[in-house]
Amino acid sequence: MSNVILKVEGMSCGHCVSSVEKAVSNTGASAKVDLASKTVAVEFDENKVTLGAIKEAIEDQGYDVV
């Protein structure tokens, strides 16, 4: 399993947290959003999903992974 912290711009409320966590979950990974620091801690199996796919899933929700 791999763990990575992503900086995500555009999150501002509980709905944003839910959207990001659900999008990451749909890729087969797990995520914990820290709204205050605008970060997302992601845990994923590199054999099942790529970091690029996770970033794309977040960006598809309208947020910017920086």
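The legends below describe close-up views of a predicted model, taking the sheet, its helices, the core and a few single residues in turn.

**View 1. The open sheet and the order of its four strands.** The strands are arranged in the order E2-E3-E1-E4, and their pairing is antiparallel. E2 and strand E4 (64-65) stand at the edges with a single partner strand each, so one side of each is left without a neighbour in the sheet. Between E1 and E3, which pair in the antiparallel sense, there are six bridges, and in this pairing Ile 5 stands opposite Ala 41 in E3. E1 is also joined to E4 by two bridges, again with the strands running antiparallel, and there Val 8 has Val 65 in E4 as its bridge partner. In a regular strand the side chains alternate between the two faces of the sheet.

**View 2. The hairpin of E2 and E3.** Five bridges hold the antiparallel strands E2 and E3 side by side. Along this pairing, Ser 30 stands opposite Glu 43 in E3, while Val 33 stands opposite Val 40 in E3. Four residues lie between the two strands of the hairpin, and Lys 38 belongs to the loop that separates E2 from E3. How exposed is Lys 38? With a relative accessible area of 27%, Lys 38 is partly exposed. Its phi is positive, at about 55°, although Lys 38 is not a glycine. Most residues other than glycine have a negative phi, and most peptide bonds are trans.

**View 3. The two helices against the sheet.** H1 lies across E2 and E3, and its direction runs at about 160° to E2. H2 also packs on the sheet, where this helix touches E1, E3 and E4, and its direction makes about 30° with that of E1.

**View 4. Helix H1 and its buried face.** The 13 residues of H1 should span 18 Å at 1.5 Å a residue, and the C-alpha atoms at its ends are indeed 18 Å apart, which agrees. The buried residues of this helix are Cys 16, Val 17, Ser 19, Val 20, Ala 23 and Val 24. Seen down the axis of H1, these buried residues fall within an arc of 165°, so they line one face of the helix. An α-helix has 3.6 residues a turn, so residues three or four places apart point the same way. The buried residues of H1 pack against E2, E3 and H2, whereas the face turned away from them carries the exposed residues His 15, Lys 22 and Asn 26. Just after the helix, Gly 28 takes a positive phi of about 100°.

**View 5. Ser 19, a buried residue of H1.** Ser 19 lies in helix H1, and it counts as buried because its relative accessibility is 14%, below the cut-off of 20%. Which residues does Ser 19 contact, once its neighbours within four places in sequence are left aside? Its contacts are then with Gln 61 and Tyr 63.

**View 6. The largest nonpolar core.** Among the 18 residues of this core, Val 42, Ile 54 and Ile 58 touch the most other members. At least two residues of the core come from each of strand E1 (2-9), helix H1 (14-26), strand E2 (30-34), strand E3 (39-44) and helix H2 (51-60). H1 supplies the largest share, with four residues. When residues up to four places away in sequence are not counted, Ile 58 touches Leu 6, Val 8, Val 20, Val 24, Tyr 63 and Val 65.

**View 7. Phe 44 and its surroundings in strand E3.** Is Phe 44, a residue of strand E3, buried or exposed? Phe 44 counts as buried, with a relative accessibility of 3%. Apart from its neighbours within four places in sequence, Phe 44 is in contact with Met 1, Ser 2, Val 4, Ala 29, Val 49, Thr 50, Leu 51 and Ile 54. Ile 58, described in the view of the core as one of the residues that touch the most other members, is 14 residues from Phe 44 in sequence, and the C-alpha atoms of Phe 44 and Ile 58 are 14 Å apart in space.

Notes. Residues numbered from 1 in each chain as written. Predicted model: local features only at pLDDT ≥ 70, side-chain atom pairs only at ≥ 80, totals over all residues. Heavy atoms only, no water. Core = buried A, V, L, I, M, F, W, Y, C linked by side-chain atoms within 4.5 Å. Buried < 20%, exposed > 50% of the residue type's maximum accessible area, 1.4 Å probe, protein only. Contact = heavy atoms within 4.5 Å. Pairing = 2+ DSSP bridges. Axes fitted to C-alpha atoms, helices over the stretch in contact; angles between N-to-C directions. Expected span 1.5 Å × (residues − 1). Arc of directions from axis to C-beta.
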